[in-house]
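Colleague: Please take one part of this model and go through it slowly with me. I'd like to hear what pairs with what, and what packs against it.

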Amino acid sequence: MSTITLNRTGDKMPLAGFGTARIPAEETAQVVYNAIKTGYRLIDGALLYNNEDQVGEGVRRAIDEGIVKREELFIVGKLWNHYHAKEHVRPTFDRTYKSYGLDYIDLYLVHFPVATEYVPIEDGKDITFFNDDKKFILEPSPMYECWAEMEKLVDAGLVRNIGISNFNVQSTVDLLTYCKYKPATLEIEHHPYLQQKRLIDWVKTKDIHTIAYASFGPAVYNAVPKSIAHLPSLFTHPVIEKISKKHSKGPGEILLRWAVQRDIVVIPKSVNVERMKSNLDLFSFNLDDKEMEAIAAMDEKARFNDTCPEALDFGVPVFD
């Protein structure tokens with residue numbers, strides 16, 4: 001498995017990982033176990049996904065059965081928006097830490113660069129973007145206080161690396177002015193329709209690695225913004241189909257290879273074991289320069305995980 005090397009710790013992070021978003025909780029433990037058994041060593045989780053307990057169950061089962069050693073895994077968690085206030089960071093992390101049931105977490109991210117009104121974590125109640133009144137209420141909790149608490153998790157030996165998700169250049173620049181430990185990674189939506197090349201190139205100059213979510217573009221979402229709903233599935237796009245046929249690989253493998261060939265970490269999700277295997281088979285072939293250029297020409301600046309009525313409808317243009 002090819003890896004990238006993270007700043008500060010020098011930890012090796014696999015380029016191909018497994019995502020756990022939108023997996024029903026009752027299926028998650030078995031799915032994560034199957035993913036590790038298939039060969040995945042990076043597991044990307046989050047409090048928002050409402051299945052952390054089951055992620056931990058699947059990981060621990062794989063360790064207990066001797067399929068993998070703890071040190072061979074790279075486990076990711078994320079701090080949700082309701083818990084940015086300095087007094088909430090550690091208790092919220094402790095919830096994730098208990099759910100995973102491991103002695104440390106490899107990477108802990110701030111999920112979004114916005115703080116929202118505190119909502120207590122209760123068993124049996126899903127975490128969402130909204131408060132209990134189904135309203136999206138911003139909270140005046142500054143990121144510099146939140147990040148200082150993230151750094152304390154590192155100092156306590158509970159987290160190896162810390163990072164950010166859904167941050168733009170401006171929010172990242174601000175963080176870099178006061179951080180003691182700069183982010184190891186930035187997780188963003190990234191696929192041929194939304195390439196964010198300038199952002200990726202810039203964070204690379206700061207020794208911050210990019211993790212791509214939604215590598216398959218619109219296929220990941222049930223609803224997308226009206227302005228880009230006309231875009232065809234990436235799986236049937238003529239450019240991807242042509243490259244796929246040439247290499248005798250599925251379109252998903254081409255999309256993932258395009259990212260990892262540029263040292264961008266991918267975290268595809270599938271509950272199907274055979275699809276898990278194909279999504280991991282990314283290092284037995286290369287795309288040539290013309291193929292890479294053809295995919296680069298597909299950029300539409302099309303964000304599917306956008307804050308608009310058809311997608312994330314909460315009235316705050318986070319990505320603008």
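Modeller: Before the angles come up: an axis here is a line fitted to C-alpha atoms, for a helix over the stretch in contact, and an angle runs from 0 to 180 degrees between N-to-C directions. Bear in mind too that this is a predicted model.

With that in hand, start at helix α3, residues 86–100, which lies across β5 (74–79), β6 and β7 and runs at about 140° to β6. Helix α4, residues 143–155, also packs on the sheet and touches β5, β6 and β7, with its direction making about 155° with that of β7. Under these two helices, β6 (residues 105–110) and β7 (residues 159–165) are parallel partners, joined by five bridges. If you want a place to put your cursor, go to Y108, whose bridge partner in β7 is I162.

Now zoom out to the whole sheet. It is an open one made of eight strands, and reading across you get β3-β4-β5-β6-β7-β8-β9-β10, with parallel pairing. The edges are β3 (18–19) and β10 (265–266); each has a single partner strand, so one side of each is left without a neighbour in the sheet.

Follow the order towards the β10 edge and you come to β8 and β9. Strand β8, residues 185–189, pairs with β9 in the parallel sense through five bridges, and L186 sits opposite T210 of β9. To get from β8 to β9 the chain goes through helix α6, residues 197–205, in a β-α-β crossover that is right-handed.

β9 itself, residues 209–213, has five of its five residues buried, so the strand is largely enclosed by the rest of the structure. Which way do the residues of β9 point? H209, I211 and Y213 go one way, T210 and A212 go the other, and all of them are buried. On to the next pair: two bridges join β9 to β10, again running parallel, and I211 has V265 as its bridge partner in β10.

β10 also leads us to helix α8, since what covers the buried residues of α8 includes β10, along with α7, α9 (273–280) and α10 (289–296). That cover is extensive: nine of the 10 residues in α8 are buried. Among them are E253 and R257, as well as I254, L255 and W258.

Of those covering elements, α7 deserves a closer look. Helix α7 (residues 238–247) packs on α8 (residues 251–260) at an angle of about 100°, and the axes are 9 Å apart. The two helices are therefore roughly perpendicular to each other. On the α7 side the contact uses I240, I243, S244 and H247, and these meet P251, I254 and L255 on the α8 side. Sorted by class, that contact has five nonpolar residues, two polar ones and no charged ones.

One last stop, back in the stretch of chain between β6 and α4: the loop there holds I127. Is I127 buried or exposed? I127 has a relative accessible area of 8%, so it counts as buried, the cut-off being under 20%. Setting aside residues up to four places away in sequence, I127 touches L47, L48, N50, W80, H82, Y83 and I121. K37, by contrast, is 90 residues from I127 along the chain, and their C-alpha atoms are separated by 29 Å.

Methods: Residues are numbered from 1 along each chain as its sequence is written. This is a predicted model: local features need pLDDT of at least 70, side-chain atom pairs count only at pLDDT 80 or more; totals for chains, interfaces and linings use all residues. Side-chain values use heavy atoms; hydrogens and water are left out. Two strands pair if DSSP finds at least two bridges between them. Helices (H or I, at least four residues) and strands (E, at least two) are DSSP runs, numbered from the N terminus. Contact means heavy atoms within 4.5 Å. Angles under 35 degrees count as roughly parallel, over 145 as roughly antiparallel, 65 to 115 as roughly perpendicular and the rest as oblique. Ala, Val, Leu, Ile, Met, Phe, Trp, Tyr, Cys and Pro count as nonpolar, Asp, Glu, Lys and Arg as charged, and the others, Gly among them, as polar. Buried means under 20% relative accessible area, exposed over 50%, partly exposed in between (1.4 Å probe, protein chains only). A crossover is right-handed if, with the strands pointing away from the viewer, the path from the first strand over the helix to the second runs clockwise.
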